Amino acid sequence: MRVVSFAVTLSLCATPAYADPVTSAPSAAQVAARDAFADGERSFSRGAYEAALASFERAFRLVSHDAVRFNIAVCLERLQRYRDAREQYRAARESAMLGPE
C-alpha cells in the first residue's frame, strides 16, 4: 500500500480559481501543512510510522483533507492499530474530497 502524495500536495497548495492574484500565495497554514506532510512522507519511507503518523496528523490539523486522512489510516494500520485505521479509512472513503479511485 502506498502513501497518497500527489493529490495531497496539490490540495495543500491549491487556491480557488477566483482568487485575487495578489493574495493567491499559500497561507501560512498551507505551507506548514505541506512541510508536515513532506516530513510524514520521509518518515514513512524510512519505516518510522509513529513519526509519520504524528506528521500526517499535524498536516491534517492545519489543513483538513481526506487524502491526508488516508495516509493517517495507512500509518495506523502499519502500527497495528486496526480499529483506529478502519475509522480513518471509512471517513476517507465517505469523503466528497476524494475521487472514486
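Which residues in H3 are buried? In this predicted model, they are Ala52, Leu53, Ser55, Phe56, Ala59 and Phe60. Look down the axis of H3 and these buried residues fall within an arc of 170°, so they line one face of the helix. Now turn to the face pointing away from that buried side: here you'll find the exposed residues Glu50 and Arg61.

What covers the buried residues of H3? The cover includes helix H2 and helix H4. Here is where these helices sit in the sequence:

| Helix | Residues |
|---|---|
| H2 | 28-45 |
| H3 | 49-62 |
| H4 | 66-78 |

You can also check the length of H3 for yourself. With 14 residues at 1.5 Å a residue, H3 should span 20 Å, and its end C-alpha atoms are indeed 20 Å apart, which agrees.

Next, the core. The largest nonpolar core has 16 residues, and the ones touching the most other members are Phe56, Ala59, Val68, Ile72 and Cys75. H2, H3 and H4 each chip in at least two residues of this core. Phe56 and Ala59 are also on the list of buried H3 residues.

Finally, step back to the whole protein chain. It has 5 helices and 0 strands, so to speak a run of α-α-α-α-α when you read along the sequence. Out of its 101 residues, 34% count as buried. Take the contacts between residues at least 6 apart in sequence: 50% of them join residues at least 24 apart. As for the outside, the chain exposes about 6300 Å², with carbon and sulfur atoms supplying 53% of that.

How values were computed
Residues are numbered from 1 along each chain as its sequence is written. This is a predicted model: local features need pLDDT of at least 70, side-chain atom pairs count only at pLDDT 80 or more; totals for chains, interfaces and linings use all residues. Side-chain values use heavy atoms; hydrogens and water are left out. Helices (H or I, at least four residues) and strands (E, at least two) are DSSP runs, numbered from the N terminus. The expected span of a helix is 1.5 Å times one less than its number of residues. Buried means under 20% relative accessible area, exposed over 50%, partly exposed in between (1.4 Å probe, protein chains only). The arc is that of the directions from the helix axis to the C-beta atoms. Contact means heavy atoms within 4.5 Å. A nonpolar core is a set of buried Ala, Val, Leu, Ile, Met, Phe, Trp, Tyr and Cys residues joined through side-chain atoms within 4.5 Å. Accessible areas come from the Shrake-Rupley method with a 1.4 Å probe; for residues, only the protein chains shown count as cover.
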